[in-house]
Amino acid sequence: MPAPIRLRELIRTIRTARTQAEEREMIQKECAAIRSSFREEDNTYRCRNVAKLLYMHMLGYPAHFGQLECLKLIASQKFTDKRIGYLGAMLLLDERQDVHLLMTNCIKNDLNHSTQFVQGLALCTLGCMGSSEMCRDLAGEVEKLLKTSNSYLRKKAALCAVHVIRKVPELMEMFLPATKNLLNEKNHGVLHTSVVLLTEMCERSPDMLAHFRKNEKLVPQLVRILKNLIMSGYSPEHDVSGISDPFLQVRILRLLRILGRNDDDSSEAMNDILAQVATNTETSKNVGNAILYETVLTIMDIKSESGLRVLAINILGRFLLNNDKNIRYVALTSLLKTVQTDHNAVQRHRSTIVDCLKDLDVSIKRRAMELSFALVNGNNIRGMMKELLYFLDSCEPEFKADCASGIFLAAEKYAPSKRWHIDTIMRVLTTAGSYVRDDAVPNLIQLITNSVEMHAYTVQRLYKAILGDYSQQPLVQVAAWCIGEYGDLLVSGQCEEEEPIQVTEDEVLDILESVLISNMSTSVTRGYALTAIMKLSTRFTCTVNRIKKVVSIYGSSIDVELQQRAVEYNALFKKYDHMRSALLERMPVMEKVTTNGPTEIVQTNGETEPAPLETKPPPSGPQPTSQANDLLDLLGGNDITPVIPTAPTSKPASAGGELLDLLGDINLTGAPATAPTPAPVPQISQPPFLLDGLSSQPLFNDIAAGIPSITAYSKNGLKIEFTFERSNTNPSVTVITIQASNSTELDMTDFVFQAAVPKTFQLQLLSPSSSIVPAFNTGTITQVIKVLNPQKQQLRMRIKLTYNHKGSAMQDLAEVNNFPPQSWQ
Amino acid sequence: MIQAILVFNNHGKPRLVRFYQHFPEEIQQQIVRETFHLVLKRDDNICNFLEGGSLIGGSDYKLIYRHYATLYFVFCVDSSESELGILDLIQVFVETLDKCFENVCELDLIFHMDKVHYILQEVVMGGMVLETNMNEIVAQIEAQNRLEKSEGGALG
């Protein structure tokens, strides 16, 4: 067998390969050669083969068959063999393989070897990949080496000890005595690794930390070392760019941080040295800045006096002006951490931070943006907003959503005037309109509604904004809503804040119709537009016929959502014209939904629902009602129309009992419901959850789509699926449509679905489409559940099903827990 | 703690791969590739810190890299290391390589992969910084090389 080729040769050969396939072939050939060579148990060439194997491993080829060979090399007497053997072990083996345990004995022997470099290799390997068993076995040896006078070995032993402690924390005590003298070393390598060891011990165990603080007087020792480093003048062996061993300084500062945290005495002891380091360190090179950075972090973390903290923040401020982008990045990150605690000090550097918004580096821009939002307050809101809006204009798309949300939040908190607020919102909508988050739209609408005196101004500006361009959906949605509400103000030219524009009713309808037709409008936007057009029928005087026509056209739209609306609006025109003006009245000031109860639930009139019992009644002015009794009065005293039929009402566990009894009566005594209600009104047995029941109509179902549906129940051939819709304008409302299907061969009759939800929710069950679930999945029962979830808690529901099947009565209780997060978040 | 040290060239070919935490081989290669793509995208006037990729570590880990001629030196570290300090450490490592190989270039790393590992071992051990004094490191390496030579050193 010819001698295996040298590593050099192999590398040269592989480099000549022109394709991946060629390379693979060469490597496979060589692997085969190596394998046969291993089989021959050839000691001379083993190390060469393993070296080649490691090279191929780095390129990504499998090398596990060399693992045992590494062990053989480790056991050899030659240093060369051991060197490559240990390297192979570290690269190829890990504690998951049983093979590695075989190393333990070798390592033990090598730890006591006469040659220090062999001992060093053993320490290195143990410290890199030693398993817990190995560490337990060999900890004693490591501890011995920690006390040796050989600095080469001592520093390696220190790091090895760190690894041992990480793997087997109980052994920490064992190393304690050895640490006593560690800091008396002159050798910087040993000092460095000793500080690392001490840091590890302090971080792991609060007892150790306390011990080091009090008994060992660690802080004064460290302070002394640090002082020597700074004062000692030029020392060629430790010098890096004019600073004496910056790495050691940084390590010591970090340990000081841990010691001084939450401890007044220690913090006081280090105040002076920190001030000294902060003022004396050269900042022209990166090493100096690294030390300063560490100093700043330490000052901010311990209980330092305020003068020192101000000094630290000023250093960070200077960092912000540094040309080196790394320094700027690091400064912004630290400022972000300290802005909560030292707000005023950071404020002083606001202008520099704002300048960083214009930086080229994406990471820096992001941090500057976050920091800017943290710094906005009532005094600087105008100036900051100008900068932030400019930033919004010019930043990368990945920032726009966050920036827009941040601006809205800041504006809401600190807006100096309503007009300014509206202007700011307009600016955001027009510059980053398509990046605004969906939930911003209802918030904005609420805001606009509540700024009563600004309605005319707002609608005028919004109108002008979408005249040119109606592609940005959130902007168009808000604009459509406003035009629908305040179109009369727009047409009458009543604006006080700025020059009123001359707009005719037809022009307004033109723009709304364009939105409806446009390819860029989403389904949601179209819904907004159609509703707006409908609302204008009461606000405009000359164009009602046009509106009627538009509405009737969409009665045959392919989009089910639009069709639904159009059909109902048509019905309003045709059959219920007398109610139209009341229904389409101006919205009152909305209150933010509190947890006490729904504010916009009840409507003025009842309304029968057209045959496909569904979810979208025409919008009308919500009357905020906080007490169930008012509700009752309205319903009781309403002679005009029948009550909305709701499926099972029952005795709730709470004090609304009388209400529901009455409703139960109303239902039973023949409400001329258009949808069939199940004949008996069964009582729900009292599960621990609150039961459903207010007879009410949530409004304004501008629905957002896209929530995955779930199978809530599937047993004995009965399957119930839930599909979800969320209201855009009222994010606390979730509309669940259930579909019950039956895969058995017999129909299920008298089917009743009941549901209950936890106390923080409110539930409303509308009538089901029928009470028979036909067999063989030939049809389904549909029923709508409306859930109000003002606290945005995780949706849970218990359902009870009763039906007759194959001649016997069936009943089942189940819990539904697999609601997708989009349905309640 | 340093989780990994990667050196690769401008085309993504690995020249030194050292992990201080265990990953299976395919993941190791994936990490190298992913890191390369992340680092390649960076302009020259951007800072040297990257939030890590999804494969290596988690949100606590950063990639700190430096670009020298045709090679990228990437250290993946967690929050216990000072970012600026690691930048200096990379500089120390490269300068040490320079001293050991005399005007080091990519070819030296290619043909002497094992030696580079040995040098690295004197700088970083078990994911922690061992020695930062260049002269010390060089002296120790030279002593070990002499020991190898005295045995006849049969590696090639």
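Colleague: Why does F8(B) count as buried?

Modeller: Buried means under 20% relative accessible area, exposed means over 50%, and partly exposed lies in between (1.4 Å probe, protein chains only). F8(B) has 0% relative accessibility, and therefore it counts as buried. The model is predicted: local features need pLDDT of at least 70, side-chain atom pairs count only at pLDDT 80 or more, and totals for chains, interfaces and linings use all residues. Residues are numbered from 1 along each chain as its sequence is written, chains are lettered from A and ligands numbered from 1 in the order in which they are written, and side-chain values use heavy atoms, without hydrogens and water.

Colleague: What makes F117(A) and Y152(A) an aromatic pair that is edge-to-face?

Modeller: Rings of Phe, Tyr and Trp (its six-membered ring) pair if their centres lie within 6.5 Å; planes under 30 degrees apart are stacked, over 60 edge-to-face, and the rest tilted. The centres of F117(A) and Y152(A) are 5.4 Å apart and their planes stand at 70°, so both conditions are met. F117(A) belongs to helix α7 (residues 116-129) of chain A and Y152(A) to helix α9 (residues 151-167) of chain A, so the pair ties together parts 35 residues apart in sequence. With 9% relative accessibility F117(A) counts as buried, and with 5% so does Y152(A).

Colleague: Why is the pair of F8(B) and Y72(B) called tilted?

Modeller: Their planes are 45° apart, with 5.9 Å from centre to centre; this angle is neither under 30 degrees nor over 60, and therefore the pair is tilted. F8(B) is in strand β1 of chain B and Y72(B) in strand β5 (residues 71-77) of chain B, 64 residues apart. Y72(B), at 6% relative accessibility, counts as buried. The whole structure holds 14 aromatic pairs over all chains.

Colleague: What makes β2 and β3 of chain B stand at the edges of their sheet?

Modeller: Strands (E, at least two residues) and helices (H or I, at least four) are DSSP runs numbered from the N terminus, and two strands pair if DSSP finds at least two bridges between them. The open sheet has 5 strands in the order β2-β1-β5-β4-β3 (chain B), with antiparallel pairing. β2 (14-19) and β3 (49-51) of chain B each have a single partner strand, so one side of each lacks a neighbour in the sheet.

Colleague: How do you know that β1 and β2 of chain B pair?

Modeller: Strand β1 (residues 2-9) of chain B is joined to β2(B) in the antiparallel sense over 5 bridges, and at least two are required, so they pair. Within this pairing, V7(B) stands opposite L16(B).

Colleague: How do you know that the buried residues of α28(A) lie on the same side?

Modeller: These residues are E505(A), V508(A), L509(A), I511(A), L512(A), V515(A) and L516(A). The arc is that of the directions from the helix axis to the C-beta atoms; here they cover only 160°, which puts them on the same side of α28(A).

Colleague: Why do F776(A) and N777(A) differ in their accessibility class?

Modeller: F776(A), at 55% relative accessibility, counts as exposed, whereas N777(A), at 45%, counts as partly exposed. F776(A) lies in the loop between β9 (762-765) and β10 (781-788) of chain A, as does N777(A). Most residues other than glycine have a negative phi. F776(A), however, has a positive phi of about 55°, and phi of N777(A) is near 55°.
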